[in-house]
Amino acid sequence: MTTPPTHSGRRLGRTTTRRAAEAVVRAIIYLCGWMAIIILAAIAVFLMWNSFRAVNEAGLFTMLSGTAWYPTSSPGKFGMLPLIVGSLFVTGVALAVCVPVGVAAAVFISEFSGRLVKEVMKSIIEFMAAVPSVVYGLIGVAVLIPFVKDAFSLTSGMTAVTGGIVLGIMSIPTVISISEDALHAVPEELRQGSAALGNTRWQTTFKVTLPAASSGIFAAVMLGLGRAIGETMAVLMLTGNAAVMPASVFESVRTMTGTIAAEMGEVVQGGLHYSVLFAVGLVLFTITFGINLVADLVLERQRKRWRR
Amino acid sequence: MNLKKFVAPGLAVLLLMSTVAFAGCAAEEPAAETPVETPAEEPAAELEGTIDVQGSDTMLNIGTAWSEAFMDENPMVEVSIQGGGSGTGIAALLNGTVDFAHSSRDIKDEELAAGEEKGMDIVEHKVAIDGIAVIVNPANGVEALTMEQLGAIYRGEVTNWKDVGGVDKPIVLLSRDSSSGTYEFFKEAVVGDDAEYAAAAKLLPSTQAIVDEVVANDAGIGYIGLGYLTEDVKVVAIDGVKASVPAAADGSYPISRYLYMYSDGEPAGIMAAYLEWILGAEGQQLVVDEGFVPLP
């Protein structure tokens, strides 16, 4: 898009030092590019290394299928299943909140709003993404816990649904931004073609644009899911953290992230409990890594589809 | 030592979720900054040496608070605090690897005997009192519970208030998280060593969260350190005694205990100075700050 440089002065001024400097800068940028991959690999190795003792002594299958989480009893019981199920319950509720709202908002922003509304909405959504999770947690404690208790006439408002609603709200910006990108990437010709066939804007949106952007929207949902499952502070404050196998989303749940955050501070370094928390982290890492990988593959497919 | 203790979990948490790590750093900074302004003028600055302390995890936080404040006042002194449990600490004292053992229980006779065999003279120092109040919503009609009833409630055997003299309402069980020393003590004193907390117990990340939920929920029951009691909640009498600082101090309240430090022989030099400082105004103020009961 930018116009090519008109002067040849830049080229003439290229001295040896400048070339050396360029080489250094290039090396640094190159390294920074690789850094993300190195850090990711290091995290994976670090988690595996530290969970080695847990897998060895507590047993991977025993941990993954156990339903009793009493890490400080002697001997400790390290059944992770309630934590995994707890995380999934909370995330499920979050998806139920963020997908309809997020996709609908993206459709409005991309297809129906004027330029001014679009710009304002986008900045507000970016601001939403910047609010720290502990602030959402505080609001949840003050407003949502009593509300959920009364609305569903429960004994306590600290439930999976409470945490899920807040996580859903926190994931909305992710879902909107990426869905909006996906809708935006749908070529204008498709819409024009649809309109030329006599379709209204609604018909065009639902029968042409949305299906065309479906893989991008799917990726948005996956990334929102990844955001929700990895969130810690808000769920720690809102879900009650009881390590039960929940029968419904109206019960208290303990999530993987909340468990790690709550227990890591006091464990004996290098002890079994310490190692088990790393194993929980490894399970969480594997899940989020998988989710992000799927989302990326789907996004890539969509990009290829509309590439000329 | 202390730095290492903080950095390692900090790093791990940072890798997993930066949010919490940032909160942790933010909380750490002011504590480290404020005392820096006071030291130097203290005449005790000539104190020099190392004190190694190990033991009770309940006392890990108060021990760390004591050591950090003491080291700020005496820059030449290094106090290292390790957890691992009361038994571990006493074993380390008997092995001669530490100077003080933190213990949240009395020393056992066999441990004393083992010390005598090695020609040691184990001396007990009471340094603070740990007491736990059981709280309910002010609207709750239950005024008193026995230890048995309380244990049954927390083991999940009694799940409705009507079974302990209240209205027909399911009990909402609130507990501290398992990383808390209060969780451990309450388990030992109330739930029972061989039993487990009911799985349905909500494990809340802070004492304040328990207070908030009890205030908001008329079916809730929770336990908090005596130091955290407020007017907004109702204290339930246990075995006929209402939790209070005097009742915890004279031992009549059942869910209370002394916190001890044990040493080999009467402490001398910097060890004596450290112990004296802990028993003094500043040390006992930290006891209050950490949610324990100061010595009477």
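**Interfaces in a predicted two-chain model**

**View 1. The contact between the two domains of chain B.** Domain 1 and domain 2 of chain B bury about 490 Å² between them, with carbon and sulfur atoms giving 54% (buried area: accessible area, 1.4 Å probe, that two parts lose on being put together, summed over both). On the domain 1 side, Thr58(B), Ile129(B) and Tyr258(B) lose the most area, together 81% of what that side buries. The model is predicted: local features need pLDDT of at least 70, side-chain atom pairs need 80 or more, and totals for chains, interfaces and linings use all residues. Residues are numbered from 1 along each chain as its sequence is written, chains are lettered from A in the order written, and side-chain values use heavy atoms, without hydrogens or water.

**View 2. The domains of chain B.** Domain 1 covers 49–129 + 258–289 and domain 2 covers 130–256 (bounds from an automatic or database assignment). Their C-alpha centres lie 29 Å apart. Each domain gives six residues to the contact (heavy atoms within 4.5 Å). Zero salt bridges cross this interface (side-chain nitrogen of Lys or Arg within 4 Å of a carboxyl oxygen of Asp or Glu).

**View 3. Chain A against chain B.** Here 35 residues of chain A touch 34 residues of chain B. The chains bury about 2900 Å², 62% of it on carbon and sulfur atoms.

**View 4. Salt bridges between the chains.** Chain A and chain B share two salt bridges. One of them joins Arg254(A) to Asp177(B), with the closest N and O atoms 2.9 Å apart.
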